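Please load the model in your viewer and keep the selection panel open. The stops below say what to pick and what to look for.

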Amino acid sequence: MDDKVKQHYLADSPPSVVRLEIKTHFDNLKDAKLRKYAHYMSRAAFEGTRITLRQVSPESEPIYDLIVELHRTCNGDWTDLARRTNVSDEHLRYFLEYAAQFLGNCGNYKGFGDSKFIPRLPVEAFQALASASPQTKDAFNRANSTGGGIYETDVQSRMHLGYAEGNHMTTYYPDSPSITKEEITAVGDFLEQKGLPLENTRLKKTETGDFELLIASGVSSPPARDRDLGDVDSFDLDGKLKGHKLRLLFGDHREEMAKVAHSIKQASLHAANDNQKRMLDAYALSFGSGSIEAFKESQRIWVKDQKPVLETNLGFVETYRDPHGVRGEWEGFVALVNLERTRAFGKLVDGAETMIPKLPWGKEFEKDKFLSPDFTSLEVLSFQCSGLPAGINLPNYDDIRQTLGFKNVSLGNVLSAKAPNEPIPFIADKDLRVYSENRDAAFEVQVGIHELLGHGTGKLLQETSPGQYNFDISNPPVSPVTNKPVTTWYKPGQTWGSVFGAVSSSYEECRAECVAMVLSCDFEILKLFGFGDGQVDLTNDAGDVLFAGYLSMARAGLVALEFWDPKTQKWGQAHMQARYSILRTFLDAGDDFVKLSYSKPDLSDLEIHLDRSKILSHGRPAVEKYLQKLHVYKSTADFDSGKKLYEEITSVDAWWGKEVREVVLKNKVPRKIFVQANTILNGDEVTLKEYEPTLEGIIQSYVERDV
């Protein structure tokens, strides 16, 4: 790898470190029982830290051990450690920057972008620091002899997450360099027919060509009554894999899963109601035995636990980082409800049924009844993941969402967190004030609509069991895209994820983002958030929020190119691929609604110009047309049309991929790293310990959280 390319893989210097502010809200939580519940659920979430690390790369866990052991060796006195190991101040700072970024991403690949990052200090300086103790020496050696190592940037080392056959890094298919996408699909299809979900699994190909399904569980031999497939522990595969066996092996991440299950049982002693106790019982069963059916039961109960003071969810949830889009990354959060902001979201929920008909599809493609969800604004107390989101819509199971409903949350202290003097490239000077003053409000509107009416809308046309349909098969719905009756739908056992596979995560994020772009143009909705009087007016405060929202999406689509890899011609982040496609939709709307303005050959003065007066006449109709296709193809399981549409609009030609991407990389702003507080249990009292928003602070928070 040449030095110019290598520069893009160096750790941010400096990274943007901010504190996740929670103290005021925690102080208002007076109930000792609720505080203990929060403490034990936070423990459960972070006891899965090593699972997430293993899901990123083989070297991530030993790097984590190295950082923790170095802190313990010097008791947090990094200057003394540098003096003792003869490491310069600059090289120490580079190490701390790398360590903070590593912890913020829970691994050595970016949680948002999936590309590897490497330290800026020379390997000799890193090795000198690691010579501080036998434990740190051992961790350093393990980190560099496992997987791609800390510093390896050779193309063979897999600098991006993805399929092994594409020379990418993946640990969802461990020790299986020869496993192919076709084999992963075949095994997945086979298990789908058997009714075994895959979210908490990894798949290994053995030297004999057989396969092992590694199932996360706290015990290696759970009783048959607690397993999803009873006492079955192996299969003879069929089809293209005929002649090969598949063995089910329980106990993946056994130590961590046992700890999680134990903490959940402790939390259950302090649950607020029977719903929460039943939910936690289902969690404990799932994490102990490896049953995804038990996990789904926890989610069914969780949906019914409406308006709790403390909100929490954990498990193998999001499938973004599995290249096949079916296996979930471990995450978990505990958050406190912000009652004032929640009231605004309640108004959005109350008006949802009147807003859905404004979307560009008929009732045949919408749920028979909108299941009014719980929509809360939360302040995060703890969130174990590879990168904090701004909003969440869960659960991710369509059969639960379509029959029982779902929950939406907006994470207020994530949305409001700001780094000092944060630059805003690509926004014209004439728009900078309005953009800066309204982007937070616009983002809150976008997140609210995205989660509630983006992920919360839509019906999957299904043959629910042989010969049984959730639509009139004798008179199928007419597609608004083709004006002809639909000819495709989901067959028994098929799910959205299993049909659309690797493209499903980004495609669905794009659909939800488009819903937000369409409905944020509705001034009645803007009024619900406290902007304007409901009348269409692009010149008032509601107009400012709408303009900032569209401009923010256009800018997000431009900076998304950081997450596109020219070598592999692949996108590394689901949301950014989606936002790039929406920018392209804006640019194709005509009449210079959006244009990229520049006068210099190297594009160094590149700016986004968005005509505010054309948002309603050009922007909204263009997005509606795109959204209609995305939605109908998803509803009807029309994978071929959906994949073709999405791949075409997210394709990156030479100009975008080289010239525009180059200026994007030169102006990239480090993604925020959040320093989270810890809860401390002293006898019967739970207290909060905060940390400074510094490199040293984030390391200390993890060391004191490590178990």
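Into which domains is the protein divided? Colour three selections. Domain 1 takes 3–27 + 46–160 + 696–705. Domain 2 is 181–255, and domain 3 is 432–667. Keep in mind that this is a predicted model. Now put a centroid on domain 2 and another on domain 3, using C-alpha atoms: the two centres are 36 Å apart.

**Stop 1: the loop before β1**

Start in the loop between α1 (3–7) and β1 (16–19), and select Pro-14 there. Turn on the backbone atoms. The peptide bond from Ser-13 to Pro-14 is cis. Its omega is near -5°. Most peptide bonds are trans.

**Stop 2: α8 and α9**

Next, select 123–130 for helix α8 and 134–144 for helix α9. How far apart are the axes of these two helices, and at what angle do they pack? The axes are 8 Å apart, and the angle is about 140°. Show side chains. From α8, Val-123, Phe-126, Gln-127 and Ala-130 make the contact. Thr-136, Lys-137 and Phe-140 meet them from α9. By class, this contact of α8 with α9 has four nonpolar residues, two polar and one charged.

**Stop 3: the four-stranded sheet**

Move on to β2, β3, β5 and β4. In that order the four strands form an open sheet, with mixed pairing. Which strands stand at the edges? They are β2 (201–205) and β4 (234–236). Each has a single partner strand, so one side of each is left without a neighbour in the sheet. Ignoring direction, neighbouring strands here are turned by 20° against each other on average.

Zoom in on the pair β3 (residues 211–216) and β5 (residues 245–252). They run parallel and are joined by six bridges. Pick Ile-215: opposite it, in β5, stands Phe-250.

Now add residues 181–194, helix α10. What does this helix lie across? It lies across β2, β3, β4 and β5. Against β4, α10 runs at about 110°.

Before leaving, follow the chain out of β5. The loop between β5 and α11 (254–268) holds His-253. Check the backbone torsion: His-253 has a positive phi of about 55°, although it is not a glycine. Most residues other than glycine have a negative phi.

**Stop 4: the five-stranded sheet**

Select β6, β7, β8, β10 and β9. These five strands make an open sheet in that order, and the pairing is mixed. The edges belong to β6 (310–318) and β9 (391–394). Both have a single partner strand, so one side of each is left without a neighbour in the sheet. On average, neighbouring strands are turned by 35° against each other, direction ignored.

How many bridges pair β8 with β10? Five, in the parallel sense, between residues 374–384 of β8 and residues 407–411 of β10. Select Thr-376 to find Val-409 of β10 opposite.

Then step to the loop between β9 and α16 (398–403), where Pro-395 lies. Here is a cis peptide bond, from Leu-394 to Pro-395. Its omega is near 0°.

**Stop 5: the helices that meet α24**

Select residues 615–635, helix α24, and add residues 574–587, helix α23. The two pack at an angle of about 130°, with axes 9 Å apart. That angle makes α23 oblique to α24. Is the crossing right-handed or left-handed? It is right-handed. Show Ser-581, Thr-585 and Phe-586 in α23; they meet Ala-622, Val-623 and Tyr-626 in α24. This contact of α23 with α24 has four nonpolar and two polar residues, and no charged ones.

Keep α24 and swap α23 for α22 (residues 541–559). The axes of α22 and α24 come within 13 Å and cross at roughly 45°. Thus α22 is oblique to α24. α22 passes α24 in a left-handed crossing. Light up Leu-546, Phe-547 and Tyr-550 in α22. Their partners in α24 are Ile-615, Leu-616, Gly-619 and Arg-620. The contact of α22 with α24 counts five nonpolar residues, one polar and one charged.

Notes
Residues are numbered from 1 along each chain as its sequence is written. This is a predicted model: local features need pLDDT of at least 70, side-chain atom pairs count only at pLDDT 80 or more; totals for chains, interfaces and linings use all residues. Side-chain values use heavy atoms; hydrogens and water are left out. Domain bounds come from an automatic or database domain assignment. Two strands pair if DSSP finds at least two bridges between them. Axes are lines fitted to C-alpha atoms, for helices over the stretch in contact, and angles run from 0 to 180 degrees between N-to-C directions. Contact means heavy atoms within 4.5 Å. Angles under 35 degrees count as roughly parallel, over 145 as roughly antiparallel, 65 to 115 as roughly perpendicular and the rest as oblique. A crossing is left-handed if the near helix is turned anticlockwise from the far one by less than a right angle, and right-handed if clockwise. Ala, Val, Leu, Ile, Met, Phe, Trp, Tyr, Cys and Pro count as nonpolar, Asp, Glu, Lys and Arg as charged, and the others, Gly among them, as polar.
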